[in-house]
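Welcome to this guided tour! Keep your viewer open, and we will go from stop to stop, selecting residues as we go.

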Amino acid sequence: MKKELRTTEGAAPVGAYSQGLVVGDFVYTSGMGPLDPATGEVVGEDVAAQTHQVMRNLGAILAAHGLGFDDVVKSTVHLQHLKRDFAAYNEVYKSYFSQPYPVRTTVGSDLMDILVEIDFVAYKSA
């Protein structure tokens, strides 16, 4: 059984998808971009600023189910400019987690007017 997670504290969906779903003990988030939840506008001109906004959006979705970054077990990251931006994004990303870090896949992608998009899988036992 699936339960939708929705919060006004995170960026609203801009297509046919949910911000997040609870399925059993797992929470799956959609890929989040660096959008301001209040305005829908892109926040930040560089990958570091955009990564902070993405993490704020994802943190809000996790919090809607009583979770935090320490509950994240997997992330997938898309970077518009993988080679150029990886180091700056990685510094911001790791500041949100403690060890052991979640498993992660980071790929270069053709993104629409943003530099970074991230999704999570989080776990919370009942």
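Before the first stop, here is a scale for how open a residue is: buried means under 20% relative accessible area, exposed means over 50%, and partly exposed lies in between (1.4 Å probe, protein chains only). What you have open is a predicted model, where local features need pLDDT of at least 70, side-chain atom pairs count only at pLDDT 80 or more, and totals for chains, interfaces and linings use all residues. Residues are numbered from 1 along each chain as its sequence is written, and side-chain values use heavy atoms, with hydrogens and water left out.

**Stop 1: salt bridges**

A salt bridge here is a side-chain nitrogen of Lys or Arg within 4 Å of a carboxyl oxygen of Asp or Glu. By this rule there are 3 salt bridges to visit.

Select K94 and E91. Their side chains form a salt bridge, with the closest N and O atoms 3.3 Å apart. Both residues belong to helix α2 (residues 82–94), where they are 3 residues apart, about one turn of the helix. Helices (H or I, at least four residues) and strands (E, at least two) are DSSP runs, numbered from the N terminus. K94 is partly exposed at 34% relative accessible area, and E91 is partly exposed too, at 47%.

Next, select D85 and R84, whose side chains meet in a salt bridge at 2.8 Å, N to O. Which of these two is buried, and which is exposed? D85 is buried, with a relative accessible area of 7%, whereas R84 counts as exposed at 57%.

Now move to E4 and R6, where the salt bridge spans 3.4 Å from N to O. E4 is partly exposed at 40% relative accessibility, while R6 is exposed at 56%.

**Stop 2: aromatic rings**

A pair of aromatic rings is described by the distance of the centres and the angle of the planes. Rings of Phe, Tyr and Trp (its six-membered ring) pair if their centres lie within 6.5 Å; planes under 30 degrees apart count as stacked, over 60 as edge-to-face and the rest as tilted. The whole structure holds 9 aromatic pairs.

Select F69 and F120 for an edge-to-face pair, with 6.1 Å from centre to centre and 90° between the planes. F69 sits in the loop between α1 (47–63) and β4 (72–79) and F120 in strand β6 (residues 116–123), so this pair ties together parts that are 51 residues apart in sequence. F69 is buried at 19% relative accessibility, and F120 is buried at 1%.

Then select Y89 and Y93: their ring centres are 5.8 Å apart and their planes stand at 55°, so the pair is tilted. Both tyrosines lie in helix α2, 4 residues apart, about one turn of the helix. Y89 and Y93 are both buried.

To see the wider group, select F69, F86, Y89, Y93, Y96, F97 and F120 together, as they form one aromatic cluster.

Stay with Y93 and add R104. A charge sits over a ring if NZ of Lys or CZ of Arg is within 6 Å of the ring centre and within 35 degrees of the ring normal. R104 lies over the face of Y93, at 4.7 Å from the ring centre.

**Stop 3: three places in the loops**

Select T7, in the loop between β1 (2–5) and β2 (20–23). T7 is buried, at 17% relative accessible area. Add A64 to the selection: T7 and A64 are 57 residues apart in sequence, yet 6.5 Å apart in space, C-alpha to C-alpha.

What kind of peptide bond joins Q99 and P100? The bond is cis, with omega about 0°. P100 is found in the loop between α2 and β5 (103–108).

Now select D113, in the loop between β5 and β6. Phi of D113 is near 65°, a positive value in a residue other than glycine. D113 is exposed, with a relative accessible area of 74%.

**Stop 4: the largest pocket**

Rolling a probe the size of a water molecule over the atoms shows where empty space is left. On a 1 Å grid over the protein atoms alone, a pocket is an open set of points where a 1.4 Å probe fits, with protein on both sides within 12 Å along at least five of seven lines; lining residues have an atom within 4 Å of a point. Grid points are joined across faces, edges and corners, and a volume is the space filled by probe spheres set on the points.

The largest pocket holds about 310 Å³ of space. Of the 16 residues that line the largest pocket, select V14, G33, L35, I114 and E117, which are the closest to its centre.
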